[in-house]
Amino acid sequence: MMKSTNFYNKPETTPEFLEFYERLAKMNAAPLWESLAELVPVTPKPRCMPVLWNYDEIRPFVMESGKLITAKDAERRVLILANPGLRDSTQVTDSLYAGLQLILPGEVAPTHRHTTSALRFIIEGNGAYTAVEGERTTMRPGDFILTPSWTYHDHGNPSDTPTVWMDGLDIPLVNFFNTGFAEHYPGEVQPVTRTEGDALMRYGGHLMPIEYKPSTLATPVFNYPYSRSREILDQLYRNGPLHPCHGIKMQYINPATGGYPLPAIGAFIQLLPSGFRGTAHRSTDSTVYCVVEGRGRSQIGEKTFVWKEHDIFVVPSWYSLFHEPQGDAVLFSYSDRPVQKALGIWREQAPMPT
Ligand SMILES: [Fe+2]
């Protein structure tokens, strides 16, 4: 990891200082010079840590939760991925949330909506659905599905296999601003009013309804099927060139704007071809990765994580990072990059200077 020095040397604390601080605290005030280095760091100091959840190890707990409580009783049957650097919280990074959600055959998770935006990255199963604003979409492994802010959504599983996906939400950001609202749909499940695949066909191809103007920040496409993403990665690999750090890396977009798929969350998918050894790089958006295919390792700061299909790992802000697959591998990732870019504070070094 990088070493940093503070630009400010804290003055020596004498008894006179301490006595002053005590009286000051009673005034609900504090001396800035005692916390300046903390408040204005020379380089980012994320509280979240590099961590990996081995899917084989966490999956039995996910399945056990299925015996403990129904999806309906839980509202959403999810195991939160709690970053050990944020032990007292329910966050995967300093600004984002992640969880593993299970829906068993025959179950329905009732319709609701909230101001937080969610992405679902499908890990296993075939035949369960997510419904958003009257349209259902079948969830298949590798699909990237969105339930944007304040859209009614529910999940159901008419298939005969459990379905598990990773949830990614902007809960910490929304709650930081104290802008959390949520409500149930009147009635347990919203009616189906649109044909499956309609949104993707209408907005996600190379056509768009004439004079279409988005009325919200939400992308009108809510399922980005893996079959299509994978085909694009494959074709671009054949076309080249490879990025020295990222391999073939693409970002999901809102096709109506070209911007990020959710206002606060950027999402990416990358192919690391066999024989690739990425160059070290870093960026300020702490990022959650989910391994879609293959196996390999990633060096995150001083730590090496060996990963395989379905594992999930976190790369904190400004930690150096490189990937090395064993055979072809595909990684999905998401971060708060749109927020950092909106504030003009996002930084990247790719590759890092040597
Ligand atoms: Fe929800």
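Welcome to this predicted model, where a good place to start is the iron ion, whose donor residues follow the sequence spacing H-x1-H-x38-H. Those donors are His112, His114 and His153, each binding through NE2 and lying 2.1 to 2.2 Å from the iron ion. From there, the tour goes on to the nonpolar cores, an enclosed strand, the cysteines, one arginine and the aromatic pairs.

**Iron site**

- Which atoms of the protein serve as donors to the iron ion? They are the NE2 atoms of His112, His114 and His153.
- Is histidine 112 buried or exposed? Histidine 112 has a relative accessible area of 10%, so it is buried, the cut-off being under 20%.
- Histidine 114 falls on the buried side as well, at 13% relative accessibility.

**Nonpolar cores**

- The largest nonpolar core holds 46 residues, and Leu100, Met166, Phe332 and Tyr334 are the ones with the most contacts inside it.
- Helix H3, covering residues 55–68, gives this core its largest share, which is four residues.
- Another core lies apart from that one; it has 13 residues, including Phe276, Tyr289, Val291 and Phe305.
- As background, nonpolar side chains in soluble globular proteins tend to be buried together.

**Strand S10 and its partners**

- Why can strand S10 (residues 163–169) be called largely enclosed by the rest of the structure? Seven of its seven residues are buried.
- In a regular strand, side chains alternate between the two faces of the sheet.
- In S10, Thr163, Trp165, Asp167 and Leu169 point one way, while Val164, Met166 and Gly168 point the other way, and all are buried.
- Strand S3 (residues 97–103) pairs with S10 in the antiparallel sense, over seven bridges.
- Within that pairing, methionine 166 of S10 has leucine 100 opposite it, and both residues are among those with the most contacts inside the largest nonpolar core.
- Strand S5 (residues 118–124) also runs antiparallel to S10, joined to it by six bridges.
- Glycine 168 in S10 is the bridge partner of leucine 119.

**Cysteines**

- How many disulfides does the model have? The count is zero.
- Why is cysteine 48 not bonded to another cysteine? The closest cysteine sulfur, in cysteine 290, is 17 Å from the sulfur of cysteine 48, too far for a bond.
- Seen from the other end, cysteine 290 is in no disulfide, and its nearest cysteine sulfur is that of cysteine 48, 17 Å away.
- Cysteine 48 is buried, with a relative accessible area of 1%.
- Cysteine 290 is buried too, its relative accessible area being 1%.

**Arginine 282**

- Arginine 282 belongs to strand S15, which spans residues 282–283.
- With a relative accessible area of 13%, arginine 282 is buried.
- What does the side chain of arginine 282 make a polar contact with? Its partner is the side chain of glutamine 349, at 2.7 Å.
- Between the C-alpha atoms of arginine 282 and threonine 13 the separation is 37 Å, and these two residues are 269 apart along the chain.

**Aromatic pairs**

- The structure holds 15 aromatic pairs.
- In one of them, the rings of tyrosine 224 and tyrosine 252 have centres 5.6 Å apart and planes at 85 degrees, so this pair is edge-to-face.
- Tyrosine 224 sits in strand S12 (residues 223–224), and tyrosine 252 sits in the loop between strand S13 (248–251) and strand S14 (266–272), so the pair ties together parts 28 residues apart in sequence.
- Tyrosine 224 is buried at a relative accessible area of 11%, and tyrosine 252 counts as buried at 6% relative accessibility.
- Another pair joins tyrosine 289 and phenylalanine 313, with ring centres 4.9 Å apart and planes at 5 degrees, so it is stacked.
- Tyrosine 289 comes from strand S16 (residues 287–300) and phenylalanine 313 from strand S18 (residues 312–315), so this pair ties together parts that are 24 residues apart in sequence.
- Relative accessibility is 4% for tyrosine 289, which counts as buried, and 0% for phenylalanine 313, which counts as buried as well.
- Which residues form one aromatic cluster? They are Phe121, Phe144, Tyr224, Tyr252, Phe332 and Tyr334.
- Phe332 and Tyr334 in this cluster are also among the residues with the most contacts inside the largest nonpolar core.

Methods
Residues numbered from 1 in each chain as written. Predicted model: local features only at pLDDT ≥ 70, side-chain atom pairs only at ≥ 80, totals over all residues. Heavy atoms only, no water. Donors = N, O, S within 2.8 Å, 3.2 Å for Na, K, Ca; no water. Buried < 20%, exposed > 50% of the residue type's maximum accessible area, 1.4 Å probe, protein only. Core = buried A, V, L, I, M, F, W, Y, C linked by side-chain atoms within 4.5 Å. Helix = DSSP H or I, 4+ residues; strand = E, 2+ residues; numbered from the N terminus. Pairing = 2+ DSSP bridges. Disulfide = S-S within 2.5 Å. Polar contact = N/O pair within 3.5 Å; in protein donor to acceptor, adjacent residues only side chain to side chain. Phe/Tyr/Trp six-rings, centres within 6.5 Å; stacked < 30°, edge-to-face > 60°.
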